[in-house]
Amino acid sequence: MIRPARMPTHDPVSIDDAAPADELSDAVLRQLLPRLRRFALRLARDPVSADDLVQSTLERALTRWPSRRPQGDVRAWLFTILYRQFLDGQRRTRRYARLLDWFAGSDAAAPSAEREAIARSSLDVFERLPEAQRTLLWLVCVEGLSYKAVADLFDVPLGTVMSRLSRARSALRDLHEGQAGEAHLRILK
């Protein structure tokens with residue numbers, strides 16, 4: 001088996017496969033950055049996405065530096081962070097695509113630009129709802145849980161789930177129609 005020859009480096013700091021670096025210095029980053037970018041480019045297959053991936057990896061590494069294992073290899077740690085960031089991004093993209101399909105409906109084989117714009121605005125409106133309303137709508141409308149199952153899950157009466165769901169649907173409709181700021185007052189006798 002032919003093994004590639006290791007090219008000598010003329011940099012003052014060299015990171016060998018056997019010698020782990022103990023600090024995240026500028027010199028260490030200069031050595032690792034091309035390797036990280038090459039790996040990110042291999043994963044993302046797009047130079048812009050690869051640069052974003054490397055940047056988010058370094059940001060995460062700098063913010064999580066105190067929590068890493070002190071005896072661990074910095075290079076392996078950075079590559080692990082990069083790979084996990086890539087996987088998280090892929091999951092996020094798939095989840096977003098499923099939500100777009102759900103809002104747009106799957107009756108059209110290729111959605112038009114108008115339908116996609118409407119679906120994206122619907123997702124934006126859905127994200128602006130309070131967390132409790134989003135959760136309730138998600139469980140009932142997307143996951144298909146029954147009102148009774150949701151009531152048991154939250155340990156509330158069935159009528160409470162029904163009224164909260166009604167308010168959540170109304171809030172979603174109002175936000176979608178641009179009536180979010182209007183006050184709904186009832187006149188009592």
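How many helices and how many strands does the secondary structure of the protein chain come to? The count is seven helices and zero strands, in a model that is predicted. Read from the N terminus, the order of elements is α-α-α-α-α-α-α. The protein chain has 189 residues, of which 26% count as buried.

**Overall figures**

- About 13900 Å² of the protein chain is exposed, and carbon and sulfur atoms supply 54% of that area.
- Among contacts in the protein chain with a separation of 6 or more, 51% join residues 24 or more positions apart.

**Nonpolar cores**

- In soluble globular proteins, nonpolar side chains tend to be buried together.
- The largest nonpolar core here contains 17 residues. Within this core, the residues with the most contacts are Leu32, Leu36, Ala40, Val54, Leu58, Leu78 and Leu82.
- Three helices, α1 (26–44), α2 (47–64) and α3 (74–104), each contribute at least two residues to this core.
- Leaving aside residues up to four places away in sequence, Ala40 touches Arg45, Ala50, Leu53, Val54 and Leu82.
- A second core, separate from the largest one, has 13 residues, including Leu129, Leu137, Ala168 and Leu175.

**Helix α7**

- Helix α7 covers residues 158–176, which is 19 residues. At 1.5 Å a residue it should span 27 Å, and the C-alpha atoms at its ends are 27 Å apart, so the expected and modelled spans agree.
- Val161, Leu165, Ala168, Asp174 and Leu175 are the buried residues of α7. Two of the names in this list, Ala168 and Leu175, also appear in the second core.
- The cover over the buried residues of α7 includes α4 (113–128), α5 and α6.
- Gly178, just after α7, takes a positive phi of about 80°.

**Salt bridges**

- Side chains of opposite charge can pair when their charged atoms come close. The structure holds seven salt bridges, and the ones described below are among them.
- Arg134 and Glu131 form a salt bridge through their side chains, with an N to O distance of 2.3 Å. These two residues are three apart in helix α5 (residues 131–142), so about one helical turn separates Arg134 from Glu131. Arg134 counts as buried because its relative accessibility is 17%, below the 20% cut-off.
- Lys148 pairs with Asp152 in a salt bridge of 3.3 Å, N to O. Both lie in helix α6, four residues apart, so about one helical turn separates them. Asp152 counts as exposed because its relative accessibility is 51%, where the cut-off is over 50%.
- An α-helix has 3.6 residues a turn, so residues three or four places apart point the same way.
- Arg75 forms a salt bridge with Asp73, and their closest N and O atoms are 3.8 Å apart. Arg75 is buried, at a relative accessible area of 13%.

**Nonpolar surface patch**

- On the surface, Leu145, Leu153 and Phe154 make up a nonpolar patch. Together these three residues have about 270 Å² of accessible area.
- Phe154 belongs to helix α6 (residues 147–154).
- With a relative accessible area of 38%, Phe154 is partly exposed. That value can enter a patch because patches take residues with over 30% relative accessible area and no salt bridge.

How values were computed
Residues numbered from 1 in each chain as written. Predicted model: local features only at pLDDT ≥ 70, side-chain atom pairs only at ≥ 80, totals over all residues. Heavy atoms only, no water. Patch = residues over 30% accessible without salt bridge, like charges linked within 9 Å, V, L, I, M, F, W, Y side chains within 5 Å. Areas by Shrake-Rupley, 256 points an atom, 1.4 Å probe, with all protein chains shown as cover. Salt bridge = Lys/Arg side-chain N within 4 Å of Asp/Glu carboxyl O. Buried < 20%, exposed > 50% of the residue type's maximum accessible area, 1.4 Å probe, protein only. Contact = heavy atoms within 4.5 Å. Core = buried A, V, L, I, M, F, W, Y, C linked by side-chain atoms within 4.5 Å. Expected span 1.5 Å × (residues − 1).
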